[in-house]
Amino acid sequence: MRKLIPVYIRIPLLYVIMFGVLEYFIDSGDRPALVKYPVVALFHVVFIFLLIAIEVVLNSVDKVSYQLLSEEEKAKLEADKNKPLAQQQAFKNWMRKLTASRSINEEKDMLLDHDYDGIKELDNVLPPWWVGLFYATVVFALVYLVRFHIMGDYTQDEEFTTEMKIADAKVEEYKKTAPDLMDKEKVTLLTDAGAIAAGKTLFDANCVACHRADAGGAIGPNLTDNKWILGGGIKNVFNTIMEGGRPGKGMVPWKESIKPSDIQKIASYVLSLQGTNPKDPKPTEPEAKEWKEEGAAAPATETPAPTAVDSTAKK
Ligand code: HEC
């Protein structure tokens, strides 16, 4: 085996395997164990050192035993080294170990006395690689049987739910860092205090110059009544802030300077101001129309207790 894999592959390979095993079995959170635990780093150094030391020792042993060979044997060994891999002695030995194949000359010893019109049968052993695999599956099955059917570690259903939970958490995590997937179709009215407060901060920083701190309107229209030029409801208000008002009116598209997820907060804040009746509001623009949420109860008739309308509800 050692002769088949050259040293410049063998050492890195063993090292990578060791690295993988350590990282797999040592729970070190988001940082690799190598970085987190100095002991592990020390182990890496020792491991590399040992690998190299073993190579050096084996190499010297090889050299010494080479010197002990007769000239004839040396020549044979050299000749063998230059052959293609499949014909080298080491490879052949290795293959024989794996397959336990017998040479064609030995066949007469293995012949069974079955003879069907000249078709004969050899008593070959099972190849060791196959037997090894077979025993491995037996061990696996035993462990599996005890773990899942006797101890009842967890069921497939539980495994599924756990995995779904992990996946959901990942999606949530992803949404947190990539909230700017927000668009007109997906936008929803936020009602939690945190989002509204964040919306107010952004509104105070960007919008009060034209809409006034209480949103009663100055250059821009009053945002607290239910009459809208460009449509009310979270989707329209979001869209107006994103894309701006009608050309030449002074309301620019804010998507160039504010993240869509923040615009969602501003829009939610603006809508939370509905009906706050600030002092001396800007008169309603003639183009503005009363906005009625789709699915809202028709006014006047038997008005039920006013309920908050969820503009995001599916129709
Ligand atoms: C430079 C002045 C100016 C600034 C700053 C400004 N707006 Fe406007 N806004 C306007 C004008 C003017 C209109 C009317 C647009 C039209 O008639 O098409 C408007 C319209 C709107 C409308 C639609 C009102 C309706 O009746 O449909 C909303 C909502 C709005 N602005 C929100 C904001 C928000 C939120 C900000 C801050 C991010 C902001 N605006 C910043 C001038 C401004």
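Here is a walk through this predicted model, one selection at a time.

**Stop 1: the two domains**

Start zoomed out. Colour residues 1-68 as domain 1 and residues 193-290 as domain 2, following the domain assignment of the chain. How far apart are the C-alpha centres of domain 1 and domain 2? They lie 65 Å from each other.

**Stop 2: the annotated transmembrane spans**

Now pick 6-25, 37-58 and 129-146. An unreviewed UniProt entry labels each of these as "transmembrane region". Take 6-25 on its own: the span is 95% helix and 0% strand, with its end C-alpha atoms 29 Å apart. Then switch to 37-58, where the chain is again 95% helix and 0% strand, and the end C-alpha atoms sit 32 Å apart.

**Stop 3: L4**

Go to the start of the chain and select L4, in the segment before α1 (7-25). Is L4 buried or exposed? Something in between: L4 counts as partly exposed because it has 13 C-beta neighbours inside 10 Å. Show A90, F91 and W94 too, since L4 touches these three once residues up to four places away in sequence are set aside. For a distance to draw on screen, try L4 to L77: they are 73 residues apart in sequence, and 14 Å separates them C-alpha to C-alpha.

**Stop 4: the Cytochrome c stretch**

Jump along to residues 194-274. The unreviewed UniProt entry annotates this range as "domain: Cytochrome c". In the model it is 51% helix and 2% strand, and its two end C-alpha atoms are 18 Å apart.

**Stop 5: around the ligand**

Keep that region on screen and bring up the ligand. Which residues come nearest to it? Of the 25 around it, they are C207, C210, G220, G245 and M251. Four elements each give two or more residues to this shell: α9 (193-206), α10 (208-211), α11 (233-243) and α12 (260-272). If you colour the shell by class, you should get 17 nonpolar, six polar and two charged residues.

**Stop 6: G250, beside two of those residues**

Next, select G250, in the loop between α11 and α12. G250 is exposed, because just 10 other C-beta atoms lie within 10 Å. Leaving out its neighbours within four places in sequence, G250 is in contact with C210, I219 and G220. C210 and G220 are names you have already met around the ligand. As for I219, its C-alpha is 8.2 Å from that of G250, with their positions 31 residues apart in sequence.

**Stop 7: the largest nonpolar core**

Hide the ligand and show F238, I241, A267 and V270. Out of the 21 residues in the largest nonpolar core, these four touch the most other members. Both α11 and α12 supply at least two residues of this core. Which element gives the most? That would be α12, with six residues. As background, nonpolar side chains tend to be buried together in soluble globular proteins.

Centre on I241 for a closer look. Setting aside residues up to four places away in sequence, I241 touches W254, I263, I266 and A267.

**Stop 8: two unusual backbone angles**

Two residues here are worth a check of the backbone. R212 is found in the loop between α10 and β3 (227-228). Its phi is positive, about 75 degrees, although R212 is not a glycine. Is R212 buried or exposed? R212 counts as buried, because it has 20 C-beta neighbours inside 10 Å.

Now move to N277, in the loop between α12 and β4 (289-290). N277 also has a positive phi, near 45 degrees, and is likewise a residue other than glycine. Its surroundings are another matter: N277 is exposed, with 11 other C-beta atoms within 10 Å.

**Stop 9: G231 and W291**

Finish in the loop between β3 and α11, where you will find G231. With 13 C-beta neighbours inside 10 Å, G231 counts as partly exposed. Beyond residues up to four places away in sequence, G231 touches N236 and W291. Draw one last distance, from G231 to W291: their C-alpha atoms are separated by 6.4 Å, although the two are 60 residues apart along the chain.

Definitions and conventions: Residues are numbered from 1 along each chain as its sequence is written. This is a predicted model: local features need pLDDT of at least 70, side-chain atom pairs count only at pLDDT 80 or more; totals for chains, interfaces and linings use all residues. A residue is near a molecule or strand if its C-beta atom, placed from the backbone, lies within 6 Å of it. Ala, Val, Leu, Ile, Met, Phe, Trp, Tyr, Cys and Pro count as nonpolar, Asp, Glu, Lys and Arg as charged, and the others, Gly among them, as polar. UniProt positions are given in the numbering used here, feature names are shortened, and annotations may be inferred rather than shown by experiment. Domain bounds come from an automatic or database domain assignment. A nonpolar core is a set of buried Ala, Val, Leu, Ile, Met, Phe, Trp, Tyr and Cys residues joined through C-beta atoms within 7 Å. A residue is buried if 20 or more other C-beta atoms lie within 10 Å of its own, exposed if 12 or fewer, and partly exposed in between; C-beta atoms are placed from the backbone. Two residues are in contact if their C-beta atoms, placed from the backbone, lie within 7 Å.
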